[in-house]
Amino acid sequence: MKSKKFVHLRNYTQYSLSMGAIKIKDLVDKCIKNKIPAIGISDFGNLFGSMEFSLECKANGIQPIIGCNIFLVDNNFENGYLLLIAKNELGFKNLSRLVSTSYLDNSNYNYPYISFNDLLNYSEGLICLAGGTFGFISKNYSSETFSKSSDAIVKLNEIFKNDFFLEIQKIRAENQDLCNFIVDQSIKKKIPLVATNENFFLDKSFYETHDALLSISEQKYLDSEDRLKSDSNFCFKEYGEIISDFKNFPDAVENTVLIAKKCCFFLEEKTPKLPKIKIENNDENSFLKKNLLRVFKYDFKRILLLKSIIKSTKKD
């Protein structure tokens, strides 16, 4: 069988709360069925599924690619998401640090976010994909400030260098102008393209259900115009459909495999490591034993006293 030179890097699992609808086991089963050797997750703002994903992939001989769609905020730009992917252990540590920073240091209680300064401090070991339907580049382009999009690309390229890719997608016809802009920027700035799709569910038949999920998450009616709506193209597209969508950009398709080859990290289960303590020259075991014996003696005396009271009461 000829090798399929495409890897889905954007998959939103059930851990993308109120957004994603892909169960990790179902995603891995899809890979097994279609002989897909590597797969990525890209949940919004968290890494909750990374352990389950790593273990499930490893158990089935599939390479896990751990990523996170993280919100970038800067006063000079429109806010939007970046997909950051861990290449190695250091990359995962930095990605974890960025996610933690977004919640603990920067959160405005609605959207945890990171800054360009955070990226500068924790970019090592990470691959950055800029584009996508909800992406930082896309949001700045849609604001009709092309120069902002171009400036954002320059800043991100300076931070991530050879690990920076511009995304193109074929989801909605109205996004063709954005696609043309990104291709133009790729040529002018010599930044590689990568083909992606926004995978929120595995099968097109789930489209209406996913749309209802988005409606519920925003507490709005299905027929409301002012809400985020799903799209039938937000599904896990088969290899043939991807090749058809990006027939004019074969390098962008093959670059998904290049990104997969850059990644060599997965999480493993570890035995819990309890903190070492030393109190009154006792280690944790002797300290626990000493206190258990003390409590046991105290409780035993109470039991004997209680028995004595009950016995005397019966005699009376």
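**Entry 1, helix 1 and its neighbours.** I began with the buried residues of helix 1 and found that they pack against strand 1 (38-44) and helix 2 (50-59). I keep in mind that this is a predicted model. Helix 1 covers residues 24-33, and the buried ones I noted there are I24, L27, V28, K30 and C31. Looking down the axis of helix 1, I saw that its buried residues fall within an arc of 150°, so they line one face of the helix. As background, I recalled that an α-helix has 3.6 residues a turn, so residues three or four places apart point the same way. After helix 1 comes K35, and I wrote down its positive phi, near 55°.

**Entry 2, the nonpolar cores.** I then asked which residues touch the most other members of the largest nonpolar core. That core has 58 residues, and the ones with the most contacts to other members are L82, L84, L119, F136, L156, F160 and F164. I followed L156 further and, leaving aside residues up to four places away in sequence, found that it touches L82, F116, L119, A130, F136, I137, K161 and F164. Another core, of 13 residues, lies apart from the largest one, and its members include V7, L9, I127 and F165. In soluble globular proteins, nonpolar side chains tend to be buried together.

**Entry 3, a charge over a ring.** At F116, which L156 touches, I looked up what sits over the ring, and found the charged end of K155, 4.2 Å from the ring centre.

**Entry 4, aromatic pairs.** I counted 15 aromatic pairs in the model. In one of them, F200 and F234, the ring centres are 5.0 Å apart and the planes stand at 45°, so I entered the pair as tilted, the class between 30 and 60 degrees. This pair links distant parts of the chain, with the two positions 34 residues apart in numbering: F200 is in the loop between strand 6 (193-195) and helix 8 (207-217), and F234 is in the loop between helix 8 and helix 9 (239-245). I found both F200 and F234 buried. Ring pairs also join F200 and F234 with Y12, F44, F71, Y81, Y111 and F134 into a cluster.

I next took the pair of F201 and F206, which is tilted as well, with 6.2 Å from centre to centre and 45° between the planes. Are its two rings buried or exposed? F201 has 1% relative accessibility and therefore counts as buried, whereas F206, at 32%, counts as partly exposed.

Note on methods. Residues are numbered from 1 along each chain as its sequence is written. This is a predicted model: local features need pLDDT of at least 70, side-chain atom pairs count only at pLDDT 80 or more; totals for chains, interfaces and linings use all residues. Side-chain values use heavy atoms; hydrogens and water are left out. Rings of Phe, Tyr and Trp (its six-membered ring) pair if their centres lie within 6.5 Å; planes under 30 degrees apart count as stacked, over 60 as edge-to-face and the rest as tilted. Helices (H or I, at least four residues) and strands (E, at least two) are DSSP runs, numbered from the N terminus. Buried means under 20% relative accessible area, exposed over 50%, partly exposed in between (1.4 Å probe, protein chains only). A charge sits over a ring if NZ of Lys or CZ of Arg is within 6 Å of the ring centre and within 35 degrees of the ring normal. A nonpolar core is a set of buried Ala, Val, Leu, Ile, Met, Phe, Trp, Tyr and Cys residues joined through side-chain atoms within 4.5 Å. Contact means heavy atoms within 4.5 Å. The arc is that of the directions from the helix axis to the C-beta atoms.
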